[in-house]
Amino acid sequence: MSAFEMLNYVNPMSLMDSCVSWMGFNTIHTFLNLKMERNMSNNFTALFHACGSSLMALSYLSTQNDQTYYILKKFSTGYFLYDTYHTAKYIKQPLSYMYIYHHLATTYYIHQNPKIYKTGQIMFFAELSNIPSYFVYYYLKNSKNTKKINMLKKIQFCLYTFIRLPILSYYTYDVLKNAENKNPALMVVPVYFMGLLWSYSLWKKLCY
């Protein structure tokens, strides 16, 4: 595809909606940063995205409304653009490369046909599995209540691992098996393995 053909393919309104979403997440981060340090502000901005995208994805799965999926897609695209910038600026290599790949590959994937690539299901479960992590981070930084922190870590591990291993493994297998064009799914296979690695890391933290 030539550069001119690509420009014709891009929807200017869709790009504008992504930019509006990106500016929205930057505004949330800036507001929170007035009240707390940058990493905590980023943590709560990510929590807002995880909760919002989980609810939107659940709404889409319940209604199969294309407009609901469009809002979910633009909402998450804006967040991934926001966090890609913060990752590149504040996180050291090579970890930053992993996060940036995760965000760009996921953004590409959620712009595929949700009925073929199960993007609504994957976004719902993936973001739901992330929610306890933000509470763990908050209490690690702001509480000395070891009992509460250990309980939250167990919830984090159980929810994350249960979703990432059986549920997202099933959807990954299903899409790779049934999608005629497997390239979008292959793009996010490394993201799937990142999730498995994080599950192992959470287990090690519980054991030691």
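The exercises below, each with a worked solution, concern a predicted model of one protein chain.

**Exercise 1. Overall architecture**

Determine how many helices and strands the protein chain has, and in what order its elements run.

Solution. Begin by counting the elements: the protein chain has nine helices and zero strands. Then read the elements from the N terminus on, which gives the order α-α-α-α-α-α-α-α-α.

**Exercise 2. Overall dimensions**

Work out what the radius of gyration of the protein chain says when set against a compact globule of 208 residues, and add the extents along the principal axes.

Solution. As a first step, take the reference value: a compact globule with 208 residues would have a radius of gyration near 17 Å, and the protein chain has 18 Å, which agrees with that expectation. As a second step, turn to the C-alpha trace, which spans about 55 × 40 × 35 Å along its principal axes. As a third step, consider burial and contacts: buried residues make up 42% of the 208 residues, and among the contacts with a separation of 6 or more, 71% come from residues 24 or more positions apart. Finally, the accessible surface of the protein chain comes to about 12400 Å², and carbon and sulfur atoms account for 67% of that surface.

**Exercise 3. Charges and the salt bridge**

Describe the charged side chains of the protein chain, and identify which residues form the salt bridge.

Solution. Start with the totals: there are 19 positive and 8 negative side chains, and the centres of these two sets lie 17 Å apart. Next, count the salt bridges, of which the structure holds one. The partners are Asp 66 and Lys 115, whose closest N and O atoms are 3.7 Å apart, and this distance can be checked against the cut-off, which asks for a nitrogen within 4 Å of a carboxyl oxygen. Asp 66 lies in helix H4 and Lys 115 in helix H6, so the pair ties together parts that are 49 residues apart in sequence. To complete the picture, compute the accessibility of each partner: Asp 66, at 54% relative accessibility, counts as exposed, whereas Lys 115, at 49%, counts as partly exposed.

**Exercise 4. A buried acidic residue**

Establish where Asp 83 is found, and which side chain of opposite charge is nearest to Asp 83.

Solution. First, place the residue: Asp 83 is found in helix H4, which covers residues 66-90. Second, examine its charge environment: Asp 83 is buried yet has no salt bridge, and the nearest side chain of opposite charge, that of Arg 38, is 7.5 Å away. Third, list the contacts, leaving out residues up to four places away in sequence, and one finds that Asp 83 touches Asn 42 and His 103.

**Exercise 5. Backbone exceptions**

Find where Gln 64, Lys 118 and Pro 94 lie, and state what the backbone does at each of them.

Solution. A general expectation comes first: most residues other than glycine have a negative phi, and most peptide bonds are trans. Gln 64 is not a glycine and nevertheless has a positive phi of about 55 degrees; its place is in the loop between helix H3 (38-63) and H4, and at 40% relative accessibility Gln 64 counts as partly exposed. Lys 118, likewise not a glycine, has a positive phi of about 55 degrees; Lys 118 is found in the loop between helix H6 (114-117) and helix H7 (119-142), and at 23% relative accessibility Lys 118 counts as partly exposed. For the peptide bond, the case is that of Gln 93 and Pro 94, which are joined by a cis bond with omega about 0 degrees. Pro 94 lies in the loop between H4 and helix H5 (95-110).

**Exercise 6. Two serines in helix H3**

For Ser 53 and Ser 41, decide whether each is buried or exposed, and list which residues each contacts beyond four places in sequence.

Solution. Take Ser 53 in helix H3 first. Ser 53 has a relative accessible area of 0% and is therefore buried. Its contacts beyond four places in sequence are Leu 72, Phe 75, Ser 76, Met 123 and Glu 127. In addition, the C-alpha atoms of Ser 53 and Gly 120 are 9.6 Å apart in space, while the two residues are 67 residues apart in sequence.

Now take Ser 41, which also lies in helix H3. Ser 41 is buried, again with a relative accessible area of 0%. With its neighbours within four places set aside, Ser 41 is in contact with His 29, Leu 32, Asn 33 and Met 36. Ser 41 and Thr 30 are eleven residues apart in sequence and 7.9 Å apart in space, C-alpha to C-alpha.

Conventions:
Residues are numbered from 1 along each chain as its sequence is written. This is a predicted model: local features need pLDDT of at least 70, side-chain atom pairs count only at pLDDT 80 or more; totals for chains, interfaces and linings use all residues. Side-chain values use heavy atoms; hydrogens and water are left out. Helices (H or I, at least four residues) and strands (E, at least two) are DSSP runs, numbered from the N terminus. Buried means under 20% relative accessible area, exposed over 50%, partly exposed in between (1.4 Å probe, protein chains only). Lys and Arg count as positive and Asp and Glu as negative; His and the chain ends are not counted. Contact means heavy atoms within 4.5 Å. The radius of gyration is taken over C-alpha atoms; the globule rule is 2.2 Å times the number of residues to the power 0.38. Accessible areas come from the Shrake-Rupley method with a 1.4 Å probe; for residues, only the protein chains shown count as cover. The place of a charge is taken as NZ of Lys, CZ of Arg, CG of Asp or CD of Glu.
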